[in-house]
Amino acid sequence: MPRSHIGGKYEKVNHPLKIFFRSLSLLVKGQIPLVVFVIFMMVISAGAPVIGQALLTPILNEALAVQNGTSTIQAVQQLLVIQAVLFACAIISSFVVQLLMVRLTQRTLHMIRSKMFEHMESLPISYFDQRTTGEIMSVYTNDTDTLRQVYSQACPQILNSAVQFTTSFIVMFIYSWVLGLISCAFLVLVLFTVSFIGKKSSKHFIRQQFDLAKLNGYIQEMTTGQRVIKVFNHEEQAKKDFGVINDNLEYSNSKGNFYGSIMMPAVNNIGYLCFAISAMVGGVLSVKGMFGLSATILASYMSLNKSFMMPLTQIASQINFVFQGLAGAKRVFDIMDEKPETDEGYISLVNVEKDDNGWYVETNNSKSQLWAWKNTKKQGKDMYRLLLGDIRFNNVTFSYDGKKIILNDISLYAKPGQKIAFVGATGAGKTTITNLLNRFYDIQSGEILYDGIDIKKIVKKDLRHSLAIVLQDTHLFTGTVAENIAYGCPDASREEIIKAAKLANADKFIELLPQGYDTFITGDGGNLSQGQKQLISIARASIMNPPVLILDEATSSIDTYTESLVQKGMDQLMIGRTTFAIAHRLSTVQNCNAIMVLDHGNIIERGNHEQLIALKGTYYQLYTGGLELE
């Protein structure tokens with residue numbers, strides 16, 4: 001038995017038929033003519049051999065008639081040619097089906113991955129906070145691969161077998177309804193066996209996909225955290241935890257494949273038993289001449305009997321892939337059905353300039369330094385409001401889970417060009433304030449105003465375009481240094497990129513790189529130091545020329561010397577911009593217009609550096625070393 005699961009419970013696949021047909025609809029969507037042609041070719045590849053086998057009785061009868069002098073060899077030859085043509089058609093159509101199914105499958109998977117990624121980009125940050133990267137990646141790789149097996153292997157085989165089974169069944173009843181009833185009895189036994197074993201195996205295949213995702217998530221987490229594992233000597237515990245997840249995967253995989261592997265032999269044996277009993281009963285009836293059964297008819301019937309039971313065996317062999325595919329499809333649809341980030345905003349951000357009457361009008365000149373909020377529900381001069389960078393929180397209360405309050409009825413303001421700092425222990429709510437300003441999350445009560453506009457009314461992409469953020473945890477993308485700096489402004493010129501780098505004091509180390517600004521970065525900047533990555537991220541923020549700047553402990557990962565260089569660049573960047581700074585180093589916030597001291601979601605002190613020192617409260621104790629930030 002497996003050890004207890006790590007990482008939660010797996011979800012069962014509800015409404016499997018609904019999921020199965022939804023999966024098929026993706027295969028058909030936009031490809032109906034090709035799908036219809038493939039089905040037509042499948043019918044030929046499955047039906048032609050059965051008709052060819054059915055010709056065995058006429059061929060034998062004609063051969064016997066030749067011996068008796070009542071027929072000619074030409075009649076036998078004609079039937080043999082027809083039979084050969086049928087078998088040739090089956091071979092050719094089968095080959096065509098395989099070629100077209102590869103094309104259909106890859107087109108469908110391409111469409112599924114595209115739709116998943118497009119939809120994933122519309123999901124809120126909270127979705128990714130609740131899932132590991134490895135689990136999400138598993139959907140794109142393992143779960144879509146199960147759909148590939150269903151599309152390219154299971155569905156064609158099941159359809160082919162269904163046509164072959166139906167055709168054989170009809171011809172068998174035409175030849176002998178008595179023997180047909182015997183085959184029907186065994187058919188019921190086959191269906192019962194497939195249903196019984198299928199229920200057993202499906203449960204474990206569903207769990208297998210869940211366990212595989214957990215394994216991928218854990219490996220990804222441990223791979224990125226190897227330094228921490230080594231530092232804290234956590235190797236043994238990591239191996240134990242991996243063993244639990246690996247055992248769970250082994251158990252679910254083994255049990256699923258065990259039940260899946262016994263299905264085909266079970267159906268095969270039932271088929272052999274059906275063949276044997278049909279042969280015995282048919283032999284007796286043909287000898288006695290009962291029910292019009294002759295030796296030639298019995299020979300054709302027994303040949304068809306194999307074609308009758310073989311499709312059931314083939315269908316049984318594909319059941320495993322179908323169950324795995326259902327589990328994978330559910331996880332794919334879970335992403336595609338996830339509720340996207342809502343955006344009820346109707347106020348957008350546009351470039352403006354003054355006309356001859358002194359009114360602000362919209363312009364296509366992207367180099368314009370003037371930005372304005374455009375209210376699509378108004379007309380005339382009232383339609384535009386100049387972007388200044390005035391931020392106000394009024395009685396804001398927020399909770400991530402609806403239970404634990406993170407921010408408790410806080411109010412604050414930042415006038416255009418002011419620098420506001422947040423100080424407090426971990427979990428006090430500092431970063432949450434900036435997350436709410438970006439609308440990564442929405443508040444439960446209160447309001448957040450941006451230039452007097454409720455941010456809920458602003459289109460999210462425009463709201464975020466007006467903000468630039470430098471995070472404590474830097475993230476660089478695969479590409480050149482220049483491409484990473486220009487990430488928020490893809491059309492930026494090389495001169496603008498270099499100017500941004502100089503502003504962040506990053507140009508000196510960039511020039512020393514092997515290819516300078518064209519140096520290729522891989523593995524999230526694995527070939528750069530933490531300080532160098534932070535400098536690039538600061539340059540990435542500066543090139544956007546934002547009216548509002550958020551610094552989330554931006555210099556915490558930089559040494560003192562580098563910090564002094566960055567601070568000079570940051571001082572230049574912050575001129576004329578509203579800035580929110582979160583910092584553990586109090587030396588970086590002394591020149592702020594206002595400092596907010598937070599504790600458990602409440603602002604307990606506010607003022608500039610001199611005022612808070614004179615107050616001799618929490619900030620004074622932090623500054624003098626009486627308290628330490630946790």
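Which residues is Lys374 in contact with, leaving aside its neighbours within four places in sequence? The legends below take up this question first and then turn to other close-up views of the structure, which is a predicted model.

**Figure 1. Surroundings of Lys374 in strand 3**. Lys374 belongs to strand 3, which covers residues 371-375, and its relative accessibility of 18% places Lys374 among the buried residues. Once neighbours within four places in sequence are set aside, the contacts of Lys374 are Tyr346, Ile347, Ser348, Val350, Glu362, Met383 and Tyr384. One of these contacts, Ile347, is also included in the second, separate core that is shown in a later view.

**Figure 2. The largest nonpolar core and its most connected members**. This core contains 69 residues, and among them Ile112, Met116 and Val332 touch the most other members. The elements that contribute two or more residues to the core are helix 1, helix 2 (32-54), helix 4 (73-120), helix 6, helix 7 (177-224), helix 9 (235-288) and helix 10. Of these, helix 10 supplies the largest share, with 19 residues. For Val332, when residues up to four places away in sequence are not counted, the residues touched are Ile112, Met116, Val139, Asp143, Thr144 and Leu147, so that the list includes both Ile112 and Met116, the other two residues named for touching the most members. As general background, nonpolar side chains in soluble globular proteins tend to be buried together.

**Figure 3. A second, separate core**. Apart from the core of the previous view, the model has another core of 36 residues, whose members include Ile347, Ile410, Ile420 and Ile550. Ile347 links this view to that of strand 3, where Ile347 is in contact with Lys374.

**Figure 4. The largest cavity and its lining**. The structure holds 2 cavities of 30 Å³ or more, and the largest encloses about 50 Å³ of space. Its lining is formed by Leu436, Arg439, Tyr441, Asp442, Ile443, Glu447, Ile448, Asp454, Ile455 and Lys456. Sorted by class, the lining comprises 5 nonpolar and 5 charged residues, with no polar residues.

**Figure 5. The second largest cavity, lined by residues of three named helices among its contributors**. About 40 Å³ of space lies in this cavity, and the residues lining it are Phe20, Ser23, Leu147, Val150, Val322, Gly325, Leu326 and Ala329. Two or more lining residues come from each of helix 1 (16-28), helix 6 (133-175) and helix 10 (295-336), and helix 10 gives the most, with 4 residues. By class, the lining has 6 nonpolar and 2 polar residues, and no charged residues. Leu147, which lines this cavity, is also one of the residues that Val332 touches in the view of the largest nonpolar core.

**Figure 6. Cys184 and Cys274, two cysteines without a disulfide**. The count of disulfides in the model is 0. Cys184 takes part in no disulfide, and the nearest cysteine sulfur, which belongs to Cys274, is 9.4 Å away. Seen from Cys274, the closest cysteine sulfur is that of Cys184, and the separation of 9.4 Å is too far for a bond, because a disulfide is counted for sulfur atoms within 2.5 Å. The two residues can also be described by their accessibility, with Cys184 partly exposed at a relative accessible area of 22% and Cys274 buried at 0%.

**Figure 7. Asn257 in helix 9 and its contacts**. Asn257, a residue of helix 9, is partly exposed, with a relative accessible area of 36%. Not counting residues up to four places away in sequence, Asn257 touches Phe205 and Gln208. Between Asn257 and Leu471, which are 214 residues apart in sequence, the C-alpha to C-alpha distance is 47 Å.

**Figure 8. Ile219 and Ser126, each shown with a residue elsewhere in the chain**. Ile219 is found in helix 7 and is partly exposed, at a relative accessible area of 37%. A separation of 42 Å lies between the C-alpha atoms of Ile219 and Glu447, which are 228 residues apart along the chain, and Glu447 is one of the residues lining the largest cavity. Ser126 lies in helix 5, residues 125-129, and is partly exposed, with a relative accessible area of 23%. The C-alpha atoms of Ser126 and Ala316, 190 residues apart along the chain, are separated by 42 Å.

Technical notes
Residues numbered from 1 in each chain as written. Predicted model: local features only at pLDDT ≥ 70, side-chain atom pairs only at ≥ 80, totals over all residues. Heavy atoms only, no water. Buried < 20%, exposed > 50% of the residue type's maximum accessible area, 1.4 Å probe, protein only. 1 Å grid on protein atoms, 1.4 Å probe; cavity = no way out; pocket = protein on both sides within 12 Å on 5 of 7 lines; lining within 4 Å. Points joined across faces, edges and corners; volume = space filled by probe spheres on them. Nonpolar A, V, L, I, M, F, W, Y, C, P; charged D, E, K, R; others polar. Core = buried A, V, L, I, M, F, W, Y, C linked by side-chain atoms within 4.5 Å. Contact = heavy atoms within 4.5 Å.
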